[in-house]
Amino acid sequence: MRRCSLLLAVFAVALVGCGIPVESRARQLSEAESLAIATTTTVAAAPVPSTLVSEARAALVYFIRGEGLVGRPLVFPSGFTELDLLQSLIDETTLAGANGSVRSGLAQRSDLVEGLIVVDDLAQVSLSTLFADLPGSEQVLVLGQLTLTMLANFNISGVEFRQNAVAVAVPDADGQPISRPATRADYVKLLTR
């Protein structure tokens, strides 16, 4: 816990030191901002005030690029929820800094997901009946996008997809049905496409 606090403090100092404003909405980091964060090393001589640490947190959100997925760091207020991550996949302004190179399968189809909650060690995603109308390859990309985003940001073991409050089988990256909660291994292949 103490090590996590120290890492968050160093991250916050790096953000402030790089001139990146702390914002209340999620947004795509520019390539220059990402490079600045990655190459900056800061050692705090004094403890960082806890109010500074709690203002913002980076999250890894997965977007569709071509036939695969790519992760993009986004800045969120600390204490963001699974619904905040879902909203970042729905909100087209999140993609504004991506120069059209990535997209979200939910940006213009927010009606595909009816709900999302984290229960114990599972994220439960309620899919609408409209989800079945998507072509199979698009289903896989959306499922992968949701699964990888949730697993990257929460301490959970899998993502259970549901319709009408019942768990349903969904296709993995190869289009093979899985009837258990989805894991990173089911969609990691999409990161290399």
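This is a chat about the fold, burial and salt bridges of one predicted protein model.

User: Before anything else, what kind of model is this, and which residues count for local features?

Analyst: It's a predicted model: local features need pLDDT of at least 70, side-chain atom pairs count only at pLDDT 80 or more, and totals for chains, interfaces and linings use all residues. Residues are numbered from 1 along each chain as its sequence is written, and side-chain values use heavy atoms, with hydrogens and water left out.

User: OK. How many helices and strands in the protein chain?

Analyst: The protein chain has 6 helices and 8 strands. Those are DSSP runs numbered from the N terminus, with helices being H or I of at least four residues and strands E of at least two. Starting at the N terminus, the order is α-α-α-β-β-α-β-β-α-β-β-β-β-α.

User: And what share of the protein chain is buried?

Analyst: Buried residues are 44% of the 193 in the protein chain. Buried means under 20% relative accessible area, exposed means over 50%, and partly exposed is in between, using a 1.4 Å probe and protein chains only.

User: What about the surface, how much does the chain expose?

Analyst: About 10100 Å², with carbon and sulfur atoms supplying 55% of it. The areas come from the Shrake-Rupley method with a 1.4 Å probe, and for residues only the protein chains shown count as cover.

User: Now the sheet. What order do the strands take?

Analyst: 4 strands make an open sheet in the order 3-4-5-6, with mixed pairing. Two strands pair if DSSP finds at least two bridges between them. Strand 3 (113–119) and strand 6 (166–167) are at the edges with a single partner strand each, so one side of each has no neighbour in the sheet.

User: Which helix packs on that sheet?

Analyst: Helix 5 (residues 136–153) does, touching strand 3, strand 4 and strand 5 (158–163), and its direction makes about 135° with that of strand 5. A contact here means heavy atoms within 4.5 Å. The axes are lines fitted to C-alpha atoms, for helices over the stretch in contact, and angles run from 0 to 180 degrees between N-to-C directions.

User: Let's go pair by pair. Strands 3 and 4: parallel or antiparallel?

Analyst: Antiparallel, over 6 bridges, with strand 4 covering residues 122–127. Ile-117 sits opposite Gln-124 of strand 4, and Val-113 faces Leu-127 of that strand. The two strands form a hairpin with 2 residues between them, where Asp-120 has a positive phi near 55°.

User: And in which sense do strands 4 and 5 pair?

Analyst: They pair in the parallel sense over 5 bridges. Val-125 has Phe-161 of strand 5 as its bridge partner, while Ser-126 is opposite Arg-162 of strand 5.

User: What unit do strand 4, helix 5 and strand 5 make?

Analyst: A right-handed β-α-β unit. Right-handed means that, with the strands pointing away from the viewer, the path from the first strand over the helix to the second runs clockwise.

User: That leaves strands 5 and 6. How many bridges join them?

Analyst: 2 bridges, and the strands run antiparallel. Arg-162 has Ala-167 of strand 6 as its bridge partner. Strand 5 and strand 6 form a hairpin with 2 residues between them, and Asn-164 in the turn has a positive phi of about 55°.

User: How many residues of strand 5 are buried?

Analyst: 5 of its 6, so strand 5 is largely enclosed by the rest of the structure. Strand 4 is mostly covered too, with 5 of its 6 residues buried.

User: Switching to charges. How many salt bridges in the whole structure?

Analyst: The search finds 6. A salt bridge is a side-chain nitrogen of Lys or Arg within 4 Å of a carboxyl oxygen of Asp or Glu.

User: What does Glu-160 form a salt bridge with?

Analyst: Arg-162, with the closest N and O atoms 2.7 Å apart. Glu-160 is buried at 15% relative accessible area, and Arg-162 counts as buried at 19%.

User: And Arg-109, what's its partner?

Analyst: Asp-111, at 3.2 Å between the closest N and O atoms. Arg-109 is partly exposed at 29% relative accessible area, and Asp-111 is partly exposed at 36%.

User: Which side chain meets Arg-193 in a salt bridge?

Analyst: Asp-174, at 3.9 Å, N to O. Arg-193 lies in the segment after helix 6 (184–187) and Asp-174 in the loop between strand 7 (170–171) and strand 8 (177–178), so the pair ties together parts 19 residues apart in sequence. Salt bridges with shared partners join Asp-174, Lys-189 and Arg-193 into one network.
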